[in-house]
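Here is a short tour of one protein model and the ligand it holds. Keep the picture open while you read.

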Amino acid sequence: MKPQNPIVTRFKKNPILTREDVPYPVATVHNAGVVKHDDRYIMLFRSHLRNGRSIIGRADSEDGLSFKVDPQPFLLPANDGVFAEYEAFGVEDLRICPVEDCYLLTYSAYSRHGVRIALARTWDFEKVERITLITQADLRNVVIFPETFGGRYVRLDRPHSEISPWSIWISYSPDLVHWGDSRVIMKPAAYHWDEMKIGPGAPPLKTGKGWLHIYHGVFKTMSGTVYRLGAALHALDDPATVIGVSDQWILQPEDPWEVNGYVPNVVFTCGAVAENDGTVKIYWGGADTVMCAGTAVIQELVELCLTDSRPPM
Ligand code: BMA
């Protein structure tokens with residue numbers, strides 16, 4: 001099948017959410033996790049406060065496009081216990097991972113000790129229970145697969161290393177608390193749109209041909225970095241096997257609010273919702289400033305991974 005051009009069709013009303021829509025003072029609205037829960041779309045978005053630190057807000061929608069923001073933030077840095085120590089500089093880039101009968105929330109916890117990932121859980125988006133911190137410093141962008149494999153939870157993550165460019169790793173856990181058996185499964189490709197770094201984006205979606213993972217890739221130019229989105233397909237029975245990675249990006253900064261803003265030239269995803277009609281709504285932050293959305297045909301993304309592919313490593 002020939003992919004349509006463009007691969008991701010932007011919604012005409014982008015940006016779909018900005019700081020003007022938020023009833024408390026924030027500087028930005030971006031990098032949101034999104035799911036469909038009880039036939040409503042729930043978006044948990046990141047906002048910079050005017051001190052440069054981030055919090056998470058909530059917005060709800062009937063159609064996945066027009067969102068209304070809650071009067072109060074959804075998640076603020078914890079004020080006691082171990083989470084307070086590691087969330088003191090803010091909470092960022094939350095992913096909503098539907099697993100078993102609940103939603104696992106993975107988010108970056110920033111502090112003077114660096115950035116790491118915290119894991120929380122909710123059933124109803126009313127009550128949130130923090131579970132534990134699941135990475136050490138300098139490891140982030142964790143997405144957890146919706147199903148267990150051989151009785152273990154599986155996540156994609158993105159450690160940092162001076163020797164290798166930032167790459168996508170896989171880790172396993174019997175209980176969501178203890179993670180290990182880690183391996184690198186996908187690396188940036190040299191002189192390619194994602195050559196500087198790659199990282200997990202939206203929680204993987206199940207398709208007939210594999211787990212579809214929409215990730216981000218970064219290229220360094222003479223005037224700064226460009227964040228784009230790509231697609232990879234993982235084997236249904238073994239998510240450590242990457243069976244195809246689209247050679248071309250699926251989305252790049254083009255609209256004015258993606259090209260200019262708090263951080264120019266960024267499209268960054270933390271969430272995508274598969275629809276019953278075979279399309280997927282992809283949500284992304286534009287220039288770390290506003291929320292945008294678009295739609296793609298799942299089958300076309302899968303075909304891109306399988307037919308126009310580059311080696312995962
Ligand atoms: C990454 C993260 C994202 C951000 C992106 C572009 O390293 O900090 O939250 O969207 O940079 O600034």
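## Overall build

Let's start with the whole chain. With 313 residues, a compact globule would have a radius of gyration near 20 Å, and the protein chain agrees with that at 18 Å. (The radius is taken over C-alpha atoms, and the globule rule is 2.2 Å times the number of residues to the power 0.38.) The C-alpha trace spans about 50 × 45 × 45 Å along its principal axes.

Before going on, a word on ground rules: this is a predicted model, where local features need pLDDT of at least 70 and side-chain atom pairs count only at pLDDT 80 or more, while totals for chains, interfaces and linings use all residues. Residues are numbered from 1 along each chain as its sequence is written, and side-chain values use heavy atoms, with hydrogens and water left out.

## Strands, helices and the inside

The protein chain has three helices and 22 strands. These are DSSP runs numbered from the N terminus: H or I of at least four residues for helices, E of at least two for strands.

Of the 313 residues, 57% are buried, meaning under 20% relative accessible area with a 1.4 Å probe, protein chains only (exposed is over 50%, partly exposed in between). Take the contacts (heavy atoms within 4.5 Å) with a separation of 6 or more: 50% of them link residues 24 or more positions apart.

## Around the ligand

Which residues surround the ligand? They are Asn-31, Arg-46, Asp-93, Arg-140, Tyr-227, Val-263, Val-266, Phe-268 and Asp-288, each with a heavy atom within 4 Å of it. By class, that makes four nonpolar, one polar and four charged residues. Here Ala, Val, Leu, Ile, Met, Phe, Trp, Tyr, Cys and Pro count as nonpolar, Asp, Glu, Lys and Arg as charged, and the others, Gly among them, as polar.

Polar side-chain atoms of three residues lie by ligand oxygen atoms: Asp-93 at 2.5 Å, Asp-288 at 2.7 Å and Arg-140 at 2.8 Å. Taken alone, the ligand exposes 310 Å², and the protein buries 86% of that (Shrake-Rupley method, 1.4 Å probe; for residues, only the protein chains shown count as cover).

## A look at Asn-141

Asn-141 sits in strand 10, residues 139–144. Its relative accessible area is 2%, so Asn-141 is buried.

The side chains of Asn-141 and Arg-95 share a polar contact of 3.1 Å. (That's a pair of N or O atoms within 3.5 Å; within protein, one must be able to donate a hydrogen and the other to accept it, and residues adjacent in sequence count only if both atoms are side-chain atoms.) Leaving aside neighbours within four places in sequence, Asn-141 also touches other residues, including Ile-117, His-216 and Phe-268.
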